[in-house]
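This report looks at one protein chain, beginning with its enclosed space and moving on to its open pockets and a few chosen residues. Please keep the sequence and the structure in view while reading.

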Amino acid sequence: MSAQTMAMTVPETTNRPPRIRRSGVVTAWYHAAMIVAAVVWLIPMLWMLSLSLSDNQALTKETQTLIPQGFTLENLLGVFSVGLTSRWFINSAIVTIFTTVLTVLLCAMAGYAFARFTFRGKTIVYASVLAGLMIPKEAMFIPLFTMVADVEMHNTYAALILPRIAAPLGVFLMTQFFSQVPAEVEEAARIDGAGPWRTFFSVMLPLARPSMIALAIFTFVQTWNDYLWPLVSATKSEMFTITTGLASLQGNFAQATELGSLMARGLVGSLPLLLVFIFFQKHLIRGISMASGSK
């Protein structure tokens, strides 16, 4: 009997090492694939950095390299001293900050209303909001342009900010989060004498901080990178954002001989996005997981 027991246990002990090795091989391949993906993503950034650190005259001979040609810091130091680049950067900062704050606040209020209140036509209104996710923003340019033109609002900050604060995705994310908050939380606030607005601002918003940060990151990135609407609405050079301003320089013959300066402006223009992702990536992942129902 003991011999049979030993015979039965031998295959189990011999099968364990191959499984461990197999999982280790899978993990190694996974990390290798992630490294390759990261390198592929970094190549354009490294190329832009290399060109921004290269002498403009040297770039007229060679540009297909990741090694700076005639290393210099002149391009980076002169980013804000030439042209309207500093004004474009300030315009992007103003539009992005105000758009992000207003979008997060309005989406949080709408999501709280859809998740916690019952009112007539709630399903129809919520379905109408989500239908905005299926409409390409390019399809709304003509009516939106006409509406803004009728009130003579083009070439203003309001024209660049207001059309973006209606974010169906943000309403959906906040609705998903608030619908998962236990009803006992609100009941405890009411027992303590808190009204609807006090409950929302003092109790619910602090709980929704991860989802709000995730929504803020999405809004910040999309607004900073937006090109089409600023191109349509802002026709004066002093109202350009950093994206439309840099695009306008590409058609300038003088800038064709100063590729290093152009890449330096592009590098500085992309720095806010890199900093946002570096410092808030944990909040982004946590906010998305909480909004989707994961713990």
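Which helix supplies the largest share of the lining of the largest cavity?

## The enclosed cavity

The answer is H4, which gives 3 residues to that lining. The model examined here is a predicted one, and a search of the whole structure finds 1 cavity of 30 Å³ or more. About 60 Å³ of space lies in this cavity. Rolling a probe the size of a water molecule over the atoms shows where empty space is left.

Helix H4 (85–116), H11 and helix H12 (228–233) each supply at least two residues of the cavity lining. The residues around the space are Ser92, Val95, Thr96, Leu160, Arg164, Thr223, Trp224, Asp226, Trp229, Pro230 and Thr241, and they divide into 5 nonpolar, 4 polar and 2 charged.

## The chain as a whole

The protein chain contains 15 helices and 0 strands. Of its 295 residues, 34% are buried, and its accessible surface comes to about 18,100 Å², with 70% of that area belonging to carbon and sulfur atoms.

How do contacts link parts of the chain that are apart in sequence? Among contacts between residues at least 6 apart in sequence, 73% join residues that are at least 24 apart. Two pairs of residues can be followed in the model as cases of separation along the chain set beside separation in space. Leucine 130 and phenylalanine 172 are 42 residues apart in sequence, while their C-alpha atoms are 7.2 Å apart. Isoleucine 142 and valine 232 are 90 residues apart along the chain, and 9.8 Å separates their C-alpha atoms.

## The largest pocket

The largest pocket has a volume of about 720 Å³. Its lining is made up of 22 residues, and those that lie nearest its centre are Lys137, Met140, Pro163, Ala166 and Pro168. The elements that give two or more residues to this lining are helix H6 (141–150), helix H8 (168–178) and helix H11 (209–225), with H11 giving the most, 5 residues. Sorted by character, the lining residues of this pocket comprise 13 nonpolar, 6 polar and 3 charged.

Helix H8, one of the elements named for this lining, is largely enclosed by the rest of the structure, because 8 of its 11 residues are buried. Those buried residues are Pro168, Gly170, Val171, Leu173, Met174, Thr175, Phe177 and Phe178. Pro168 is thus listed among the buried residues of H8, and it is also among the residues nearest the centre of the largest pocket.

## The second largest pocket

The second largest pocket has a volume of about 510 Å³. It is lined by 18 residues, of which Met45, Asn225, Gly266, Ser270 and Leu273 are the closest to its centre. Helix H1 (2–52), H11, helix H13 (242–250) and helix H15 (259–291) are the elements that give two or more residues to the lining, and the largest share, 8 residues, comes from H15. Here the lining divides into 12 nonpolar and 6 polar residues, with no charged ones.

## Three residues at different levels of exposure

Is threonine 72 buried or exposed? Its relative accessible area is 17%, and because the cut-off for buried is under 20%, threonine 72 counts as buried. Threonine 72 lies in the loop between helix H2 (56–59) and helix H3 (74–77), and its side chain reaches the backbone nitrogen of glutamate 74 at 3.1 Å. When neighbours within four places in sequence are left aside, threonine 72 is in contact with Ser52, Leu53, Ser54 and Asp55.

Leucine 130, placed in helix H5 (residues 122–131), has a relative accessibility of 23% and counts as partly exposed. Isoleucine 142 has its place in helix H6, and at 67% relative accessibility it counts as exposed, since the cut-off for that class is over 50%.

Conventions
Residues are numbered from 1 along each chain as its sequence is written. This is a predicted model: local features need pLDDT of at least 70, side-chain atom pairs count only at pLDDT 80 or more; totals for chains, interfaces and linings use all residues. Side-chain values use heavy atoms; hydrogens and water are left out. On a 1 Å grid over the protein atoms alone, a cavity is a set of points where a 1.4 Å probe fits but cannot get out, and a pocket is an open set with protein on both sides within 12 Å along at least five of seven lines; lining residues have an atom within 4 Å of a point. Grid points are joined across faces, edges and corners, and a volume is the space filled by probe spheres set on the points. Helices (H or I, at least four residues) and strands (E, at least two) are DSSP runs, numbered from the N terminus. Ala, Val, Leu, Ile, Met, Phe, Trp, Tyr, Cys and Pro count as nonpolar, Asp, Glu, Lys and Arg as charged, and the others, Gly among them, as polar. Buried means under 20% relative accessible area, exposed over 50%, partly exposed in between (1.4 Å probe, protein chains only). Contact means heavy atoms within 4.5 Å. Accessible areas come from the Shrake-Rupley method with a 1.4 Å probe; for residues, only the protein chains shown count as cover. A polar contact is a pair of N or O atoms within 3.5 Å; within protein, one must be able to donate a hydrogen and the other to accept it, and residues adjacent in sequence count only if both atoms are side-chain atoms.
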